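Trainee: Could we take a close look at a single part of this protein together? I would love to be walked through it step by step.

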Amino acid sequence: MLYNSTRNKDIRLNASKAILKGLSDDGGLFVPESIPHIEKDMRTLAGMSYTELAYEIMHLFLDDFSEEELRTCISSAYGKNFDDPMIAPLSYACGSYYLELYHGPTIAFKDMALQILPHLLTTSAKKNGISKDIVILTATSGDTGKAAMAGFADVPHTKIMVFYPHGGVSDVQRLQMVTQKGGNVEAVSVDGNFDDCQTGVKQIFNDKAFRDEIGGKGYQFSSANSINIGRLIPQLVYYAYAWCSLFRNEKISDGEPVNICVPTGNFGNILAAYLAKKIGIPIDKLVCASNINMVLTDFFESGIYDRNREFHLTSSPSMDILISSNLERLIYFISGCDDKATSSFMQELADKGRYTITEQMKKELSDFAAGYASEEDTFREIKRVYDETGYVIDTHTAVASHVADKIRAKLSDHPMIIASTASPFKFAGSVVDAIRGRDKDMSRDGLSMIDELETLTDMPEPEAVKEIRHAEVKHDGHISISEMKEAVARFLD
Ligand SMILES: *Cc1c(COP(=O)(O)O)cnc(C)c1O
């Protein structure tokens, strides 16, 4: 199987080369030339463990990896570093199934992909005879940064540098990043929002002179952002696993579809659900849930993508995004895999911050539904779910939970799976305020709120939180947007 750029079908690479490259040189994202189909029936897949199922799905896409290589990557990633043997367990509350994607080392869903990506990358490098060290640059709105640092820390022949918006991440997220150990990791805060960080990273990747310069020093860039297919493909697995879990527990019949609601930022997680549907997992609607940065809700309603609007900092910071990079892949698919059209939409986005898709493309969006939650909706939803069932959800999950609850009546009468993307302990301040029914107060956020959440709900504090309480701050860099390239050069010297 080959992967081509969304902006130029003549740029074609096999999976390991596409993983190494991350982003195509023309700025496009890699997409499989054709979408494979699962080989075994769902009944057989339902009898498998998470790691067995991961192999069945991932080998369809990563077909230049040997069976042994891929199975080794999978077993290194999904084992004791998760605190639940199911890896991605389901919990039932208020009429929906919450797919808990936060049982990895950093208690958020980015672990699902970032625990395996370093193994896929180093295996890809070995396969391709790469002698240069791999440099990972990552822009983060909070969770990716720590999850990537944790995944790559002290992995030989890799270095990782993370940029996060100054003041744009939670206390716990910041502490997790600035205390990360490892001789090859660095985190820097940037005066700007997530989009500024992401644009800065993209510019560095696209700077050929700079690429040559670091190449001369024995380095080559790769990406750990959700644009890398090495992150996207592992994310299909838990949607298949969720269906299998419901089937095993006789909650659905053979072939019965489920609806899936995903709290969305960069559009990676929901795109994985879309691909899971395309390879044959029984899924009906994909519900795209946004916070008040609702650029995607408007897009699905009107066919117009328009980032020219006020940017809001919310209590679900990992979804505070106005340019959802992975949407480019969906645009490519719904345009009938038209690289020229995709390229010109992305040019319009870069020039004017806005584009309008065709009527034909709009029709291709019928797999999706969309909605958003205000800050008030989000807090009320945390309280509603807790008061009715005792189940505790974080702010991101609450956005999806609110949207799922509102949209349910308009969808088919099949089980609703809500992607639960962070442990409530990661956003304890907001969660406690919501459950107590008091106004949000940022000054109360932080570690003391974790204690309060523990007392209030009787839930034990996860290991990941215990670790950061007394850890030493190792990364205190703070720069302006224009200094990002310089910071990379310094890090590599
Ligand atoms: C990254 C993240 C999201 C958004 O996922 P995308 O793949 O970027 O759409 C949602 N919730 C949490 C907690 C996250 O860390």
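Mentor: Happy to! Let us begin with a cut-off: a residue counts as exposed when its relative accessible area is over 50%. Keep in mind that this is a predicted model.

Now look at the loop between α11 (229–248) and β10 (258–263), where E250 lies. E250 has a positive phi of about 60 degrees, although it is not a glycine. Its relative accessible area is 72%, so E250 is exposed.

You can find a similar story at H157. This residue sits in the loop between α7 (143–152) and β7 (158–165). H157 is not a glycine, yet its phi is positive, at about 65 degrees. With a relative accessible area of 57%, H157 is exposed too.

Next, let us move to a pair of helices. Two packed helices are described by the angle between their axes and the distance between the axes. Helix α9 (residues 194–205) packs against helix α22 (residues 484–492) at an angle of about 60 degrees, and their axes are 9 Å apart. Because of that angle, α9 is oblique to α22. The crossing of α9 past α22 is right-handed. On the α9 side, the contact is made by D196, C197, G200, V201 and I204, while α22 brings M484, K485 and V488. Sorted by character, the residues of this contact between α9 and α22 are 5 nonpolar, 1 polar and 2 charged. Try picking out these residues on the structure in front of you, one helix after the other.

Technical notes. Residues are numbered from 1 along each chain as its sequence is written. This is a predicted model: local features need pLDDT of at least 70, side-chain atom pairs count only at pLDDT 80 or more; totals for chains, interfaces and linings use all residues. Side-chain values use heavy atoms; hydrogens and water are left out. Axes are lines fitted to C-alpha atoms, for helices over the stretch in contact, and angles run from 0 to 180 degrees between N-to-C directions. Helices (H or I, at least four residues) and strands (E, at least two) are DSSP runs, numbered from the N terminus. Angles under 35 degrees count as roughly parallel, over 145 as roughly antiparallel, 65 to 115 as roughly perpendicular and the rest as oblique. A crossing is left-handed if the near helix is turned anticlockwise from the far one by less than a right angle, and right-handed if clockwise. Contact means heavy atoms within 4.5 Å. Ala, Val, Leu, Ile, Met, Phe, Trp, Tyr, Cys and Pro count as nonpolar, Asp, Glu, Lys and Arg as charged, and the others, Gly among them, as polar. Buried means under 20% relative accessible area, exposed over 50%, partly exposed in between (1.4 Å probe, protein chains only).
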